[in-house]
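Here are a few quick notes on the charged and polar side chains, for when you have the model open. Shout if anything looks off on your screen.

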Amino acid sequence: MKMHFLLPAIGLVVAACGGGSDPVQPETGHHADGTMHAADDARLSPLPEDGITPVVDIRLAWIRPHPQGRDVTAAYFQAVLTDGHADRLVSAEIDGASRVEMHGHTMDDQGMMRMRPVGPQDLDDTGPLVFAPAGLHLMVHGLAPVTEGDQVAGTLVFERAGPVPVNFAVQAFAPMAGNEN
């Protein structure tokens with residue numbers, strides 16, 4: 001019975017990400033420890049050139065099954081630097097999707113949570129860059145319906161490390177830590 005209420009709720013959350021007429025404002029994202037990192041293209045400082053090409057490890061990558069009747073869903077992951085000191089996630093691609101956008105949540109003046117596109121997200125050696133429900137996430141548009149148990153291939157594109165392939169497990173709920181993909 002819980003699933004009957006959960007699926008419409010997921011659909012509403014995903015549908016709410018569809019936009020509106022409000023202007024999009026650049027936002028900042030959060031590391032796992034709660035610290036902020038820049039996401040506004042106009043204000044991004046250059047990444048430090050330390051002579052080390054970053055190596056990015058993608059963990060806990062998953063994508064929600066499609067809400068009934070929708071061709072949009074959300075994907076999540078954690079990115080960790082295993083070598084180097086800084087990089088920046090600049091875009092994402094999902095095989096078969098017409099468009100993938102990085103989104104974040106903000107609270108408006110009336111206390112309503114809104115989802116909006118965000119710019120590039122910084123990754124440094126202080127902790128993972130976390131894309132998770134109720135936070136940063138990928139909005140995946142135009143992907144043929146996927147169901148629990150499927151795998152969806154994609155690529156996360158970093159400024160310095162370049163394209164990093166990732167397989168997103170299709171599941172309704174976040175994987176537990178220790179179950180890295």
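1. Start with His-103, keeping in mind that this is a predicted model. The side chain of His-103 sits 2.7 Å from that of Glu-101, in a polar contact. His-103 itself belongs to strand 6, which covers residues 99–107. With a relative accessibility of just 1%, His-103 is buried, because the cut-off for that is under 20%.

2. Glu-101 has another partner too: its side chain forms a salt bridge with Arg-99, at 2.8 Å from N to O. Glu-101 is partly exposed at 22%, and Arg-99 also falls in the partly exposed class, at 41%.

3. On to the salt bridges as a set: how many does the structure hold? The count is five. As background, side chains of opposite charge can pair when their charged atoms come close.

4. Arg-59 and Asp-57 make one of these bridges, with 2.7 Å between the closest N and O atoms. Arg-59 has a relative accessible area of 27%, so it is partly exposed; Asp-57, at 28%, is partly exposed as well.

5. Then look at Arg-114 and Asp-108, where the closest N and O atoms of the salt bridge are 3.1 Å apart. Which side of the cut-off does Asp-108 land on, buried or partly exposed? At 18% relative accessibility Asp-108 is buried, because the limit is under 20%. Arg-114 comes out partly exposed, at 32%.

6. Last one: salt bridges also tie Arg-88, Asp-122 and Glu-159 together into a network.

Methods:
Residues numbered from 1 in each chain as written. Predicted model: local features only at pLDDT ≥ 70, side-chain atom pairs only at ≥ 80, totals over all residues. Heavy atoms only, no water. Helix = DSSP H or I, 4+ residues; strand = E, 2+ residues; numbered from the N terminus. Buried < 20%, exposed > 50% of the residue type's maximum accessible area, 1.4 Å probe, protein only. Polar contact = N/O pair within 3.5 Å; in protein donor to acceptor, adjacent residues only side chain to side chain. Salt bridge = Lys/Arg side-chain N within 4 Å of Asp/Glu carboxyl O.
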